[in-house]
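Colleague: Got a minute to go through this one with me? I'd like to start with what the words mean.
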Amino acid sequence: MEDLKNFIDKVGYPRLIIGGFLLILCILAAVLAIPIPGLLGDILTRVGMNGILVLAMVPAIQAGAGLNFALPLGIVCGLIGALISIEFKLGGFTGFITALLVAIPLSAIAGYFYGQMLNRIKGQEMTVGTYVGFSVVSGMCIFWLLAPFRSPELIWAYGGTGLRVTVSLESTIDKVLNNFLSFSIAGVRVPTGLLAFFALCCFAVWLFGKTKSGAIMNAAGANEKFAIATGINVNQQRILGIVLSTVLAAIGIIVYSQSFGFLQLYNAPLYSAFPAVAAVLIGGASIKKATISHVIIGTFLFQALLVVSLPVINILADGSMSEVIRIIISNGIILYALTRKTGGDLT
Amino acid sequence: MTTEYLLQIDNVSKEYSGNRVLKGVTINIKPGEVHGLVGENGAGKSTLMNILFGMSVIHDTGGYEGNIIIDGNIVNPKTPKESMELGIGMVHQEFMLIPGFSVTENIKLNREVTKDNLFSRILGPKMKTLDFKKMGKDGREALDKLGMSIDEWMPVAGLPVGYMQFVEIAREIDKENLKLLVFDEPTAVLAESEADRFLKIVRKLADLGIAILFISHRLDEIIEITDNITVLRDGEVVSNLATKDADVHKIAELMVGRKLEQTIIKKTRDEREKEDYILELEDLYVDMPGEKVKALNLKVHRGEILGIGGLGGQGKIGVANGIMGLYPTTGKILKNGIPLPLNQPKKALDSGLAFVTEDRRGVGLLLDDSIEHNIAISALQIKNKFLKKLANINMMNEKEIRQHALEMIKELDIRCTGPKQLTRRLSGGNQQKVCIARALTLDPDIVLVSEPTRGIDVGAKKIVLDLLVKLNKELGMTVIITSSELAELRSVSDRIAIVFEGKLEGVLAPDASDVDFGLMMAGEYGKEEVS
């Protein structure tokens, strides 16, 4: 009994519940003879495409600004980067890298000003962030309509100004990472480039945590009073964390889009922060502490749940049920995790 | 049992997890008597009051022994409500008033006079209308009893502090069954003229037949107003005397007592060059809530251990926090004769100061980080220690950090499972050692230590104090210890500065008499010399 309790304490309820639910679904999938290799390939792809967006939560949490609900802020910057690379008809890796080069400075600037704002409303970052995210998405709707893009790939088929709601990437950066060095093993398609890029980003964030700046930022986030007494400029560190988070969000959406094959504009990024928040919390993070392992575990559990539940529940119940159950579970986990001070101890 | 006494605290003892904070305390108070209760911080006054008010902290920690007797009946209140119904009232140290409400509304809070209306007849008593006219009348009456002329409908916000205190008293005397009124440091926030007026009112209340229990650090006040005095020390009643037999000296001596097993280290230091000051504070003001420093002047000799003592709330804690720039500070701080920029913790740290805070868990530690990081982080930030270059980026040198942490763990005898253990899981004493280790890693020439032994057990206390002495002796570090425990200061310091009401009351040698310490802590020392 004591061992069981220790085990639960170590793993944390969110991970245990989601893990258990996933296990049941997997067993059902096997029983229902749903092709496993296909599912595995899907999981790997989805982990790679969503991982960086989840990773974007880490610097913000470490800097003490809580979960970055203003993820759409970085996402629109990433979209602008991708659009510009398409406007200049850049495809493949050139297009991908151009998109990043445009998006990163843009998102850094946006993150800087957002960080300035958050420093004035300490303690309410998550509520304010949610609405900043919503506002930015709505504000950008006007931009998408008025932006002077000319490429026929981007504007409505019947001409005029204004961007399409979804822009196909087929002729440009579609799956550049997914297909890079990808191979199939036992029927499972492994998107090597995509996973490698995710791993690279994780490594960069991990490495940053080992630098002086990273250590100081962590300290500022962990205990503001402590940081002040140690002569750390807390506000500056918080801005640093927000900038990093926003930049990662911009990179994240470009990676996501190239895998998805489309850029989604207008209202599409509206709720984009929520799956990322749910994933990192399921991974065992709390609003005070997040590590790379939380990101990887959380992204895997969340995306695996998504991939496996769809076919299983479609067979067992009404088609729309899987979506409903998934939303109840993931939002329930957000709610649970937000009421906790700490996540699991397993790092 | 006689019923001559209104309140009898009969042989009350209380234990907090094995630590006896009250030992057989007996106090008797007659109706109309003003009874003084004095004692140092931690003597057990608050615990006694908590018992009297049936506060939940008492009952959550295993209750108490002995009896509370009112009018000859054993009552032992279990909840604050019960004790209120028994006629015990309290005027708090902090004002428990709602600023946006008027004076009357505050007086009548939760005891509003109501009358029926249509809705209340249907929906029950919660819907009754407030009878403002009657409430105003009651409020006026209570204020008149205190000789207060303010309008009973004025909002409380914006009233002078002294008036707020009177409103609190008015609230208590408005209770019809009030028998015993407890004042906890009532004059601490009052100006002198207000305090005089206040004392007159206390007398007047006593003449109405209300028994008054008066807790104060101001001994002259106690002498002036009370009929009898009980002195508590270390949870024991050391004396129960009539005020007419007492004087300030006697009480001061009783309060401090000779509780110290004389282990004062014989100072073999030569007469230092008198002018060699490492730190000079001139006209220092620190706006730290509850520990304000007001125009303090103090000079610290190079290489000494200076103790800063005084009662809680008098500002001793504010001194070190002000020097480190953690609370808004004005005045002048000279380090080696060079002015130190104020309100900038980084500058203070850069100049070779290190600080071990009194708020260990709040300010002193990254609780969810490892011991090794906690030890290294300040030096990493301030001194750029423990760094290595990787492609021109400053990386933490984890190996060096680990090695340093292991050395510190060994040297300071930090009991832990290893350098990776989270500091949250350490005991108070070991957490304190981690804080000290961090300060030492900065290689400071002055280390400021606040309340180094608060909340840690006896064994660890000794280790921490010995360590500070060792640092001073072997490394020549100047150590400034702020502590509420006088005995502790006397056992390690070369000189002890006593702070009273935000000012330096005086500096004493550790072997000065108890009377002097007692008088200084009560702010009576200067007055003596003048008269």
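Modeller: Sure. When I say buried, I mean a residue with under 20% relative accessible area, while exposed is over 50% and partly exposed is in between. Keep in mind that this is a predicted model.

Colleague: OK, then take Glu304(B): buried or exposed?
Modeller: Glu304(B) is buried, because its relative accessible area is 0% and the cut-off is under 20%.

Colleague: Which side chain does Glu304(B) meet in a salt bridge?
Modeller: That would be Arg495(B), with N to O at 2.9 Å. The two come from distant parts of the chain, 191 residues apart. Arg495(B) sits in strand β23 (residues 495-500), and Glu304(B) is in the loop between β14 (293-301) and β15 (305-309).

Colleague: What does Glu372(B) pair with?
Modeller: Glu372(B) has a salt bridge to Arg402(B), and the closest N and O atoms are 2.6 Å apart. This pair also links distant parts of the chain, with Glu372(B) in helix α14 and Arg402(B) in helix α15 (residues 398-411), 30 residues apart.

Colleague: And how accessible are Glu372(B) and Arg402(B)?
Modeller: Glu372(B) is at 1% relative accessibility, so it counts as buried. Arg402(B) has a relative accessible area of 31%, so that one is partly exposed.

Colleague: What about Lys292(B), which partner does that side chain meet?
Modeller: Lys292(B) meets Asp287(B) in a salt bridge, 3.2 Å from N to O. Lys292(B) counts as partly exposed at 39% relative accessibility, and Asp287(B) is partly exposed too, at 40%.

Colleague: How many salt bridges over all chains?
Modeller: The count is 25 over all chains.

Colleague: Let's switch to the interface. How many residues does each chain put into the contact?
Modeller: Chain B gives 27 residues and chain A gives 19. The area buried between chain B and chain A is about 1,800 Å², and carbon and sulfur atoms give 65% of that.

Colleague: Which residues of chain B lose the most area there?
Modeller: Those are Val363(B), Leu366(B) and Gln381(B), which together make up 26% of what the chain B side buries.

Colleague: How many salt bridges cross between chain B and chain A?
Modeller: One. Lys210(A) and Glu398(B) meet through their side chains, at 3.1 Å from N to O. There are also eight residue pairs in polar contact between the two chains, both residues being at pLDDT 80 or more.

Colleague: Which elements of chain B supply the side that touches chain A?
Modeller: α12 (345-350), α13 (360-364), α14 (371-383) and β20 (393-396) each supply at least two residues. The largest share, six residues, comes from α14(B).

Colleague: And what kinds of residue are on that side of chain B?
Modeller: They divide into 13 nonpolar, seven polar and seven charged.

Colleague: Changing topic: how many aromatic pairs over all chains?
Modeller: The count there is 17. One example is Phe93(A) with Phe96(A), which is edge-to-face because the planes are at 90 degrees, with the ring centres 6.5 Å apart.

Colleague: Where do Phe93(A) and Phe96(A) lie?
Modeller: Both are in helix α6 (residues 92-120) of chain A, three residues apart, or about one turn of the helix. Phe93(A) is partly exposed at 34% relative accessible area, whereas Phe96(A) is buried at 2%.

Colleague: Which residues form an aromatic cluster?
Modeller: Phe69(A), Tyr131(A), Phe134(A), Tyr271(A) and Phe274(A) form one.

Colleague: Back to chain B. How many residues of helix α19 are buried?
Modeller: Seven of its eight residues, so by the cut-off of under 20% the helix (residues 514-521) is mostly covered. Among the buried ones are Asp514(B), Phe517(B) and Met521(B). Just after α19(B), Gly523(B) takes a positive phi of about 70 degrees.

Colleague: Last one, where is His35(B)?
Modeller: His35(B) is in strand β3 (residues 34-38) of chain B. At 1% relative accessibility, His35(B) counts as buried. Leaving aside neighbours within four places in sequence, the contacts of His35(B) include Ile27(B), Phe214(B), Thr230(B) and Asn240(B).

Terms used
Residues numbered from 1 in each chain as written. Chains lettered and ligands numbered in written order. Heavy atoms only, no water. Phe/Tyr/Trp six-rings, centres within 6.5 Å; stacked < 30°, edge-to-face > 60°. Helix = DSSP H or I, 4+ residues; strand = E, 2+ residues; numbered from the N terminus. Buried < 20%, exposed > 50% of the residue type's maximum accessible area, 1.4 Å probe, protein only. Contact = heavy atoms within 4.5 Å. Buried area = accessible area lost by both parts, 1.4 Å probe. Salt bridge = Lys/Arg side-chain N within 4 Å of Asp/Glu carboxyl O. Polar contact = N/O pair within 3.5 Å; in protein donor to acceptor, adjacent residues only side chain to side chain. Nonpolar A, V, L, I, M, F, W, Y, C, P; charged D, E, K, R; others polar.
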